[in-house]
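This report describes selected strands, a helix and the nonpolar cores of the structure shown below.

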Amino acid sequence: MPQWIPVCRIDDIDEEDVIGFQHDGSDYAIYRSPDGEFFATDGHCTHEKTLLCDGLVMDSIIECPKHNGRFDYTTGKALAAPVIVGLATYPVKVEAGTVYLDTDPAS
Amino acid sequence: MNGMVIVGAGQCGTRAALTLREAGWTGPITLVGAEDLAPYERPPLSKTALTATDPPGPAAIRDPAGLAAAGIEFLPGVAAVDIDRDAHRLRLADGRDLTYHRLLLTTGATPRRLPLATEAADAVHYVRTHADALALRQRLHPGARIAVVGGGFLGLELAASAVARGCLVTVIEATPHLMGRVVPAPIATIVAARHRHAGVGLRCATTVTELERQDNTLRLTLSDGDTITCDTVVAGVGAVPDTTLADKAGLAIDNGIRVDSRLITDDPDILAAGDCSCFPHPLYGDRRIRLEAWRNAEDQGAAAARTVLGADEPFTAVPWFWSDQYELTLQITGLPHAATTEVVRHRRDRVDIRFGLGPDGRLLTASAIGPGNSVAKDIRLAEKLIARRATPDPAALADPSVNLKTQYR
């Protein structure tokens, strides 16, 4: 069963931006793309344990605030050094203006 | 032999080797490292390598298996001693010769030594290698009195790390202000206040004139006449580019190995990059600069690789630096001393972003300090604006309700 966890209201994230979200001891990064879609990945960069929610979002790319490693947050793919390992991504849905995150998509 | 040889297995040389392979270099790549360890990141040496509860291993850029998987022959623990430019041959300290098609020098920099002509000078710690960090770490026990000579990024990070280990710390800085050469005064003031709050003694505008051993302690005499007794002295007073190999080979030296905008030395088959290279920067009137910085090492390593692969593009990356001290991170992009006008954005979270503009209104630099990575987005956007030679509206820069992205689009 998906574990849909309410994260925030849609207006809590600017377009083309990211916020951090903690649940059950884990960090997630929740993105709103320039065209208003929502996405979620692991909260930490795979290079060092830097929180991605302080990073810059441009188009579909999140940059680590520390070393500028880049990921496509819509797929989790690692795009630029120094990162080589991609980010785990998580399903997101919007219902009645609330953003929900599925923290356990494998089950 | 159609091989690429890289001297120096730090951030820059390793990034060059990896980029060469990723971007399609099919010939051999040999990476020569003077240290025994596989390539590792140096930024943690003044921070987590000292503060982590258990002594950490080096933060590998790639482990030996990863290098092998990329087809990079890694030769650790051996220095390069001579270049025969006519024969395209590099001589190693163990007598081996490597023939190169192109040679990249990423020899880095070595800590500047304190000018002390005493036997006790041997007791001064310097931090450049993982082994250096572990040696200092052993001295950082609770209550230990640590004198840090040098109030720049490195010295202040060492001070903050020593505080985290419960040490009693004094910082001795020769100039009147901390980080005086590179950081706007208001940011230096925040940093000084944070160190004082942590109990660090700041002694600015004074230098160490004498160092003596007294039983198990060290006694420093300062130029203002004071003396400081401590258990350990560590110095972070800048670094000297390692140009010995290049100099011996007759390459031009000019505050580092002199390279053109493509990072090529005055020998077309030899490039130099990273801390050891002095290059012209097109964003700053082709002024020659040399940067000792993690990001520059990354960027120039990748750029040198692209040059070797035939790209004809000048190196234009905007300088970027950071420093972590306590819970604060300072970030600087661009070259602060080029600016003539300052615009300050007072953010609602009480963090100030300081922009520096040139006489033509062009953004040349931005800097800020704040908790965690809270300044990263604004500084990164500023960097992008600097890169495209933007002349952003000063009123928009100053207004915290205006997203800086509006100036980028």
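## Strand pairing and packing in chain B

Ala147(B) stands opposite Thr170(B), a residue of strand β11(B). The model is a predicted one. On β16(B), Ala147(B) has Val233(B) as its bridge partner. Strand β10(B), residues 145–149, is mostly covered, with four of its five residues buried. The pairings of β10(B), together with one from another sheet, are set out in the table.

| Strand pair | Sense | Bridges |
|---|---|---|
| β10(B) and β11(B) (residues 168–173) | parallel | five |
| β10(B) and β16(B) (residues 232–235) | parallel | four |
| β20(B) (residues 277–281) and β21(B) | antiparallel | three |

Helix α5(B), residues 153–164, joins β10(B) and β11(B) in a right-handed β-α-β unit.

The antiparallel pair in the table belongs to an open sheet of three strands in chain B, ordered β18-β20-β21 with mixed pairing. Its edge strands, each pairing on one side only, are β18(B) (257–258) and β21(B) (287–289). Within this sheet, Pro280(B) has Arg288(B) of β21(B) as its bridge partner.

Helix α6(B) comprises the 13 residues 185–197. At 1.5 Å a residue the helix should span 18 Å, and its end C-alpha atoms are indeed 18 Å apart, so the two values agree. Its buried residues are Ile187(B), Ala188(B), Val191(B), Ala192(B) and His195(B). Viewed down the axis of α6(B), the buried residues fall within an arc of 140° and therefore line one face of the helix. An α-helix has 3.6 residues a turn, so residues three or four places apart point the same way. The face of α6(B) turned away from the buried side bears the exposed residues Thr189(B), Arg196(B) and His197(B). Elements covering the buried residues of α6(B) include α5, β12 (201–204), β22 (320–325), β23 (328–334), β25 (352–357) and β26 (363–371) of chain B. Just after α6(B), Gly199(B) adopts a positive phi of about 90°.

The largest nonpolar core contains 114 residues, and Leu90(B) and Leu105(B) have the most contacts inside it. Helix α8(B), residues 294–308, contributes the most to this core, with six residues. Apart from this core lies another, of 19 residues, including Leu116(B), Leu220(B), Ile228(B) and Val233(B). Residues up to four places away in sequence aside, Leu90(B) touches several others, among them Val5(B), Val7(B), Ala80(B), Ile83(B), Leu98(B), Tyr100(B), Leu103(B) and Leu245(B). The contacts of Leu90(B) also include Asp82(B), Arg96(B) and Asp97(B).

How values were computed. Residues numbered from 1 in each chain as written. Chains lettered and ligands numbered in written order. Predicted model: local features only at pLDDT ≥ 70, side-chain atom pairs only at ≥ 80, totals over all residues. Heavy atoms only, no water. Pairing = 2+ DSSP bridges. Helix = DSSP H or I, 4+ residues; strand = E, 2+ residues; numbered from the N terminus. Buried < 20%, exposed > 50% of the residue type's maximum accessible area, 1.4 Å probe, protein only. Right-handed = clockwise from strand over helix to strand, strands pointing away. Core = buried A, V, L, I, M, F, W, Y, C linked by side-chain atoms within 4.5 Å. Contact = heavy atoms within 4.5 Å. Expected span 1.5 Å × (residues − 1). Arc of directions from axis to C-beta.
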